[in-house]
Amino acid sequence: MKVHVRGLEMAYEDTNGNGIPLLLIHGFPLDRTLWAAQTRGLADMARVIAPDLRGFGESGLPSGAATMDTYADDLRGLLDALGVKNAVVAGLSMGGYIAFAFYRRNPARVRGLILANTKAGPDSPEGKQGRDENAALAHTQGAGAVGDKMLPKMLTPKTAAERPDVAKAARAMMARQSVDAVVAALMAMRDRPDSTPTLAEIAAPTLIVTGAEDTLIPPKESEAMRDAIHGARLVSIPGAAHLSNFEAPDAFNAAVREFLKSLA
Ligand code: MLT
């Protein structure tokens with residue numbers, strides 16, 4: 001499905017139904033198909049809404065730079081267009097950075113937060129340099145080259161070796177993104193604000209999920225968020241790395257189901 005939001009044609013899945021709205025924000029450099037197993041597996045208890053962020057997947061990319069606030073405002077526009085007053089807002093990795101921005105700007109619209117494989121802190125100086133290098137790589141060699149660099153950290157070595165279909169799907173998702181969208185998101189992540197001060201302000205029920213083998217954003221980042229967000233719960237998924245929902249969908253969905261039940 002597609003809808004016009006803030007000058008952009010935004011593509012999204014919406015399972016409809018009467019369940020609690022669950023907004024799923026994908027990570028970088030991915031698209032809404034990251035959430036296929038959640039869209040399928042949670043539709044019986046939630047109204048699952050999974051958009052493509054601007055420029056990614058089948059969504060358009062208006063000209064100009066983007067910030068985490070830009071992506072967050074696009075999502076608020078989508079909820080407005082769908083008539084959804086408030087939702088459980090779930091973000092994986094960059095999706096989590098956007099979830100923090102969404103919460104800061106619209107706390108009353110967040111019924112619960114799910115922060116998966118993400119962190120609150122900003123990029124280090126080396127991290128910022130890495131963003132510039134990846135932007136140059138995308139310009140010279142395409143989005144697939146950035147994806148190839150990231151792939152070894154997205155999934156565990158065991159999954160990469162024993163489930164080549166999963167590795168192939170993750171690689172294909174990264175390789176098909178547009179260079180302009182990839183570069184815009186890299187700059188937005190490079191310049192994103194520190195969300196650490198936000199943690200103490202979060203009043204929404206919060207579930208934190210990590211992959212026990214995530215080396216891109218290690219579990220200690222999730223533990224720090226759990227300690228700083230009042231009442232937050234942390235689930236660490238064994239045998240999963242950065243794309244925990246994609247690599248271990250059953251365990252991920254079970255954690256989300258329990259969280260949604262606790263909100264009912
Ligand atoms: C993501 O998975 O969204 C990104 O790897 C996050 C990041 O690079 O900081």
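**Note on the ligand site and two backbone details**

1. In this predicted model, the lining of the largest pocket is made of 19 residues, and Arg131, Asn134, Met150, Lys153 and Leu216 are the ones nearest its centre. Three elements each give two or more residues to this lining: helix H3 (94-105), helix H4 (125-141) and helix H5 (143-154). H4 provides the largest share, with four residues.

2. The volume of the largest pocket is about 480 Å³. By class, its lining holds seven nonpolar, seven polar and five charged residues.

3. Where does the ligand sit? The space it takes is the largest pocket. The residues around the ligand are Gly27, Phe28, Ser93, Met94, Tyr97, Arg131, Met150, Met189, Leu216 and His242. Of these, six are nonpolar, three polar and one charged. Arg131, Met150 and Leu216 belong to this shell and are also among the residues nearest the centre of the pocket.

4. Three side chains place a polar atom close enough to a ligand oxygen to count as a polar contact, for which the cut-off is 3.5 Å. For Tyr97, the distance from a polar side-chain atom to an oxygen atom of the ligand is 2.6 Å. For Arg131, an N or O atom of the side chain is 2.7 Å from a ligand oxygen atom. For His242, a polar side-chain atom is 2.8 Å from an oxygen atom of the ligand. On its own the ligand has 270 Å² of accessible area, and the protein covers 94% of that.

5. Rolling a probe the size of a water molecule over the atoms shows where empty space is left. How many cavities of 30 Å³ or more are there? The count is one. The largest cavity has a volume of about 30 Å³, and its lining consists of Met68, Tyr97, Arg104, Ala120, Arg192, Pro193 and Ser195. These lining residues divide into four nonpolar, one polar and two charged. Tyr97 thus appears in the cavity lining as well as in the shell around the ligand.

6. Two backbone details deserve a check against the coordinates. Most residues other than glycine have a negative phi, and most peptide bonds are trans. The peptide bond from Phe28 to Pro29 is cis, with omega near -10 degrees. Pro29 is placed in the loop between strand E3 (20-25) and helix H1 (36-41). Phe28, on the other side of that bond, is one of the residues surrounding the ligand.

7. The second detail concerns Arg6, a residue other than glycine with a positive phi, near 50 degrees. Arg6 is found in the loop that lies between strand E1 (2-5) and strand E2 (8-14).

Technical notes. Residues numbered from 1 in each chain as written. Predicted model: local features only at pLDDT ≥ 70, side-chain atom pairs only at ≥ 80, totals over all residues. Heavy atoms only, no water. Near = heavy atom within 4 Å. Polar contact = N/O pair within 3.5 Å; in protein donor to acceptor, adjacent residues only side chain to side chain. Areas by Shrake-Rupley, 256 points an atom, 1.4 Å probe, with all protein chains shown as cover. 1 Å grid on protein atoms, 1.4 Å probe; cavity = no way out; pocket = protein on both sides within 12 Å on 5 of 7 lines; lining within 4 Å. Sits in = over half its atoms within 2 Å of the grid points. Nonpolar A, V, L, I, M, F, W, Y, C, P; charged D, E, K, R; others polar. Points joined across faces, edges and corners; volume = space filled by probe spheres on them.
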